[in-house]
Amino acid sequence: MSRVSRRTAVFAALVTAVAAAVVLYLFQPWKAFTDTRVEEALPTAAGPTRQDAAPKQDRTPENLAEGTFVTHEHDTSGTARTVRLADGARLLRLEDLRTSDGPDVRVYLSTRDADEVRSGLGDGAVELGELKGNLGDQNYTVPAGTDLSGFRSAVLWCKRFSVSFGAADLTPVAG
């Protein structure tokens, strides 16, 4: 092999190795074969601790809205619920979740309906955090001061590729 051919072959091998590393980083194909199960209980809020605090109130979490996931880019099923705890904290709870694992999947509240988020999260979407696992029951804290009345869906969104894995319309629970 000539010196020029050897340099060309080494350069081509180096370029191929770098390209393969970039593809592996971006797509993380092994996640197609892995599952992460999370089984978090619905938290209960601690009651008042001061002597002069108000009398104990009902400690049962209050369901505010709920909906069933629909599939978008990846098979997704389960239930999403917004819940108010006795101390006033609010969270999004995912129950019986089943979806694909993927790179950089995040949980959002969106002002768009579940069908509409296929084309994007829309203005005012709130990120609640990275998806903890692709199977099971999970809790995500809603930031204090967030007005839940404007949010219409819970979304599993792949931030890296800007696609929705699935979403659930959040229908207010009659109280």
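**Exercise 1. Contacts along the chain**

Among contacts in the protein between residues at least 6 apart in sequence, what percentage join residues at least 24 apart?

*Solution.* Start with the source of the coordinates: this is a predicted model. Take the contacts between residues at least 6 apart in sequence. Of these, 65% join residues at least 24 apart. Next, place the secondary structure. The protein has one helix and 10 strands. Along the sequence the helix is followed by the strands, in the pattern α-β-β-β-β-β-β-β-β-β-β.

**Exercise 2. Surface and burial**

State how much of the protein is buried and what its accessible surface is made of.

*Solution.* Step one: the protein has 175 residues, and 37% of them count as buried. Step two: the accessible surface comes to about 10300 Å². Carbon and sulfur atoms account for 53% of that surface.

**Exercise 3. A loop glycine**

Locate G145 and decide: is G145 buried or exposed?

*Solution.* Find the element. G145 lies in the loop between strand 7 (135–141) and strand 8 (153–158). Now check its accessibility. The relative value is 77%, and the cut-off for exposed is over 50%, so G145 counts as exposed. Finally, compare with R90. The two residues are 55 apart along the chain, and their C-alpha atoms are separated by 9.9 Å.

**Exercise 4. Salt bridges between strands**

Count the salt bridges, then trace those made by R81 and E127.

*Solution.*

1. The structure holds 10 salt bridges.
2. R81 pairs with E95, at 2.8 Å from N to O. R81 is in strand 3 (residues 77–84) and E95 in strand 4 (residues 90–98), so the pair links parts of the chain 14 residues apart.
3. R81 has 12% relative accessibility; the limit for buried is under 20%, so R81 counts as buried.
4. E127 meets R106 in a salt bridge of 2.7 Å, N to O. R106 sits in strand 5 (residues 105–110) and E127 in strand 6 (residues 126–130), with their positions 21 residues apart in sequence.
5. R106 is buried at 18% relative accessible area. E127, at 30%, counts as partly exposed.
6. E127 also bridges to K159, with the closest N and O atoms 3.3 Å apart. K159 lies in the loop between strand 8 and strand 9 (163–169) and E127 in strand 6, so this pair ties together parts 32 residues apart in sequence. K159 is partly exposed, at 39%.
7. Shared partners join R81, R93, E95 and D137 into one salt-bridge network.

**Exercise 5. The nonpolar cores**

Which residues of the largest nonpolar core touch the most other members?

*Solution.* The largest core has 23 residues. A80, L92, L94, V107, L109, L131 and L156 touch the most other members. Then ask where the core comes from. Strand 2 (62–71), strand 4, strand 5, strand 6, strand 8 and strand 9 each supply at least two residues. Now take L131 as an example. Beyond its neighbours within four places in sequence, L131 contacts residues including L94, V107, Y140 and L156. A second, separate core has seven residues, among them V117, L121, V155 and W157. In soluble globular proteins, nonpolar side chains tend to be buried together.

**Exercise 6. Rings and charges**

How many aromatic pairs does a search of the whole structure find?

*Solution.* The search finds zero aromatic pairs. Turn next to charges over rings. K132 lies over the face of Y140, at 4.7 Å from the ring centre. Y140 is also among the contacts of L131.

Conventions:
Residues numbered from 1 in each chain as written. Predicted model: local features only at pLDDT ≥ 70, side-chain atom pairs only at ≥ 80, totals over all residues. Heavy atoms only, no water. Phe/Tyr/Trp six-rings, centres within 6.5 Å; stacked < 30°, edge-to-face > 60°. Lys NZ or Arg CZ within 6 Å of the ring centre and 35° of its normal. Helix = DSSP H or I, 4+ residues; strand = E, 2+ residues; numbered from the N terminus. Buried < 20%, exposed > 50% of the residue type's maximum accessible area, 1.4 Å probe, protein only. Contact = heavy atoms within 4.5 Å. Areas by Shrake-Rupley, 256 points an atom, 1.4 Å probe, with all protein chains shown as cover. Salt bridge = Lys/Arg side-chain N within 4 Å of Asp/Glu carboxyl O. Core = buried A, V, L, I, M, F, W, Y, C linked by side-chain atoms within 4.5 Å.
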